[in-house]
Amino acid sequence: MDTVVENPRKITHEKSYEKETLLRLKRYEEIKTAVCDVPLSEGMKMMDFTDKAGFRQFKAAFYLACLAHKDQVDKGGIDYICHPATVALHIRDHHPRSKKRDRAMTVALLHDVLEDTSVTKDMLECFGFDERIIRAVKLLTHLSGDTYDAYLEKITVSRLAMKIKCADMTDNENLNRLKCPATRDVQRSAFYHSRRLVMENQLREKKTAKEKKTAEGAV
């Protein structure tokens, strides 16, 4: 009888999927510990926040996101909250420490609540979130009547929203989060990748233009 040989690429991907799943759960637990299990000052240090007010908004965002996404799972089959947690920590790990980064991490936790849950803009206002945070979350909400490219174009009015969207697409294009990627998943990953590169270039151009304007004003 012939021996059945497993597809080595399949085995390799399964290991990558297991590793990625553990990493995503770990990211969620890291935020949960900082928000729920340690004193505020220690939680701020863990998340590398600059001030207490910003960290309190982050805490509120985490509680709300956990409640809003309860019982939801992502395409990989794990708790959906691991996705916004991953996006938030991507922001922390890839941007310099500042109040703007603090705000971006809070937006990252909330970026899907208006689109995928029963949370409303009024609820965000009741939670006392900064107006800039609410505006960014609204911009990141893909309305059903918009094409994806039209949706991305609307986001470009806010550098804050653009940063979160780039981090979001980085996570969405990660095939290791899927147990058995199909052809459509590979195609979707490539789509996100191409759109992310365009938006990252737009962000660089906006940063350059802002720095040029600042330099000219200082002359």
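Q: In this predicted model, with which residues is His142 in contact once its neighbours within four places in sequence are left aside?
A: His142 sits in the loop between H8 and H9, and in this predicted model its contacts are counted without the neighbours within four places in sequence. On that basis, the residues that His142 touches are Glu115, Thr147, Tyr148 and Tyr151.

Q: Is His142 buried, partly exposed or exposed?
A: Burial requires a relative accessible area under 20% and exposure one over 50%. The relative accessible area of His142 is 22%, which lies in between, so His142 counts as partly exposed.

Q: Which backbone oxygen does the side chain of His142 reach, and at what distance?
A: His142 belongs to the loop between H8 and H9, and its C-alpha is 9.0 Å from that of Leu114, a residue 28 places away in sequence. The side chain of His142 makes a polar contact with the backbone oxygen of Asp146, at 2.9 Å.

Q: Which helices do the buried residues of H8 pack against?
A: Helix H8 covers residues 131-139, and its buried residues are Ile133, Ile134, Ala136, Val137 and Leu139. At the start of H8, a side-chain oxygen of Asp130 comes to within 2.6 Å of the backbone nitrogen of Arg132. The helices against which the buried residues of H8 pack are H3, H5, H6, H7, H9 and H10.

Q: Is His69 buried or exposed, and what is its relative accessible area?
A: His69 is located in the loop between H3 and H4. Beyond its neighbours within four places in sequence, His69 is in contact with Tyr80, Ile81, Pro84, Asp112, Val113 and Thr117. His69 is buried, with a relative accessible area of 3%.

Q: What is the phi of Asp71, a residue other than glycine?
A: Asp71 is in the loop between H3 and H4, where it is exposed at a relative accessible area of 74%. Asp48, in the loop between H2 and H3, is partly exposed at 29% and has a positive phi of about 60° although it is not a glycine. For Asp71, phi is likewise positive, with a value near 75°.

Q: Which helix gives the most residues to the largest nonpolar core?
A: The largest nonpolar core has 54 residues, and Ile31 is one of those with the most contacts inside it. Leaving aside neighbours within four places in sequence, Ile31 is in contact with residues including Met47, Phe58, Phe62 and Leu109. With eight residues, the helix that gives the most to this core is H3.

How values were computed:
Residues are numbered from 1 along each chain as its sequence is written. This is a predicted model: local features need pLDDT of at least 70, side-chain atom pairs count only at pLDDT 80 or more; totals for chains, interfaces and linings use all residues. Side-chain values use heavy atoms; hydrogens and water are left out. Buried means under 20% relative accessible area, exposed over 50%, partly exposed in between (1.4 Å probe, protein chains only). Helices (H or I, at least four residues) and strands (E, at least two) are DSSP runs, numbered from the N terminus. Contact means heavy atoms within 4.5 Å. A polar contact is a pair of N or O atoms within 3.5 Å; within protein, one must be able to donate a hydrogen and the other to accept it, and residues adjacent in sequence count only if both atoms are side-chain atoms. A nonpolar core is a set of buried Ala, Val, Leu, Ile, Met, Phe, Trp, Tyr and Cys residues joined through side-chain atoms within 4.5 Å.
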